[in-house]
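Let's take a walk through this protein together, starting from a single residue and working outwards. Keep the model open beside you as you read.

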Amino acid sequence: MRVVETQIPAVKRVVPNRFGDDRGWFSETFRADVLAAAGIADAFVQDNQSFSAQSGTVRGLHFQLAPAGQAKLVRVLSGAILDVAVDLRRGSETYGRHVSVRLDAAEGEQLYVPVGFGHGFCTLEPDTMVAYKVSAYYSREHDRNLAWNDPDLAIAWPVGEDEAVLSDKDRVAPSFAELGAVF
């Protein structure tokens, strides 16, 4: 597998190799040693999976506060998403900037999102299934979110505000300006 930096070096694309034959293909989707050599040394402790029936479903932007901050390794099992990571690290040179990457089941590429980032995605196809590893257990006490459509973030989502399928939690998330220092 290859690990490739994005516009924000802390966020990385993970591109597994696929070995194919007439039966299909095989791929190693997680190798702790390869990731560690590329600077991803998180101990992932929980796997999460979501299914979204409709295209245009937006999940996020989510994160957990310390000491339960979560790094994530995201991949798509079926369908496709626009995956987004927003830098919430106050002292960072890229604070408030984001990375957006198309991930789909056909290519198998993954996105590594470190602690200190808000994370979310929008489904590009119906019946999309997303799986991701996290480096800390879910903690309701530390769980937070940020408005997916905040104009200060200038994320080019593939769906308009009136078309997005949202949870009640994401519909009322605070703006970036209201968020304050979280990391």
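**A guided walk through the model**

Ser52 lies in strand S5, which covers residues 46–52. Please keep in mind that this is a predicted model. Is Ser52 buried or exposed? With a relative accessibility of 2%, Ser52 is buried, because the cut-off for that class is under 20%. Its side chain makes a polar contact of 3.0 Å with the side chain of Arg59. Beyond its neighbours up to four places away in sequence, Ser52 also touches Thr57, Thr123, Pro126, Asp127 and Thr128, along with Arg59 itself.

Follow Arg59 next, since Arg59 leads to the largest pocket. Arg59, Gly60, His62, Tyr132 and Lys169 are the lining residues nearest the centre of this pocket, and the full lining has 22 residues. The volume of the pocket is about 420 Å³. Which elements build its lining? S5, S6, S11 and helix H2 (168–171) each supply at least two residues, and S6 gives the most, with 6. By class, the lining holds 7 nonpolar, 10 polar and 5 charged residues.

His62 also appears in the lining of the largest cavity, together with Phe63, Gln64, Gln70, Lys72, Val113, Phe117 and His119. A search of the whole structure finds 1 cavity of 30 Å³ or more, and the volume of the largest is about 30 Å³. Strand S6 (58–64) and strand S11 (117–123) each provide at least two of the lining residues, with S6 giving the most, 3 residues. This lining divides into 3 nonpolar, 4 polar and 1 charged residue.

Now turn to the nonpolar interior. In soluble globular proteins, nonpolar side chains tend to be buried together. Here the largest nonpolar core has 20 residues, and Leu61, Leu88, Leu146 and Trp157 have the most contacts inside it. S6, strand S8 (80–87) and helix H3 (176–179) each supply at least two residues of this core. A second, separate core has 16 residues, including Ala85, Val101, Val130 and Tyr132. Back in the largest core, Leu88 is a good residue to zoom in on. Leaving aside neighbours within four places in sequence, Leu88 is in contact with Phe63, Tyr95, Gly116, Phe117, Gly118, Leu146, Phe176, Leu179, Val182 and Phe183.

Some backbone details deserve a look too. Most residues other than glycine have a negative phi, and most peptide bonds are trans. Where does this model have cis peptide bonds? One joins Gly60 and Leu61, with omega about 10 degrees, and Leu61 is found in strand S6. Another runs from Ala66 to Pro67, with omega near 5 degrees; Pro67 lies in the loop between S6 and strand S7 (72–78).

Asp127, one of the residues that Ser52 touches, has a positive phi of about 55 degrees although it is not a glycine. Asp127 sits in the loop between S11 and strand S12 (128–134) and is partly exposed, at 44% relative accessible area. Ala154, also not a glycine, has a positive phi of about 55 degrees. Ala154 is in the loop between strand S13 (143–145) and H2, and its relative accessible area of 57% makes it exposed.

Finally, visit the start of the chain. Arg2 lies in strand S1 (residues 2–5) and is partly exposed, with 48% relative accessibility. Arg2 and Val15 are 13 residues apart in sequence, yet 5.1 Å apart in space from C-alpha to C-alpha. Arg2 touches Arg13, Val14 and Val15, not counting residues up to four places away in sequence.

Key:
Residues numbered from 1 in each chain as written. Predicted model: local features only at pLDDT ≥ 70, side-chain atom pairs only at ≥ 80, totals over all residues. Heavy atoms only, no water. 1 Å grid on protein atoms, 1.4 Å probe; cavity = no way out; pocket = protein on both sides within 12 Å on 5 of 7 lines; lining within 4 Å. Points joined across faces, edges and corners; volume = space filled by probe spheres on them. Helix = DSSP H or I, 4+ residues; strand = E, 2+ residues; numbered from the N terminus. Nonpolar A, V, L, I, M, F, W, Y, C, P; charged D, E, K, R; others polar. Buried < 20%, exposed > 50% of the residue type's maximum accessible area, 1.4 Å probe, protein only. Polar contact = N/O pair within 3.5 Å; in protein donor to acceptor, adjacent residues only side chain to side chain. Contact = heavy atoms within 4.5 Å. Core = buried A, V, L, I, M, F, W, Y, C linked by side-chain atoms within 4.5 Å.
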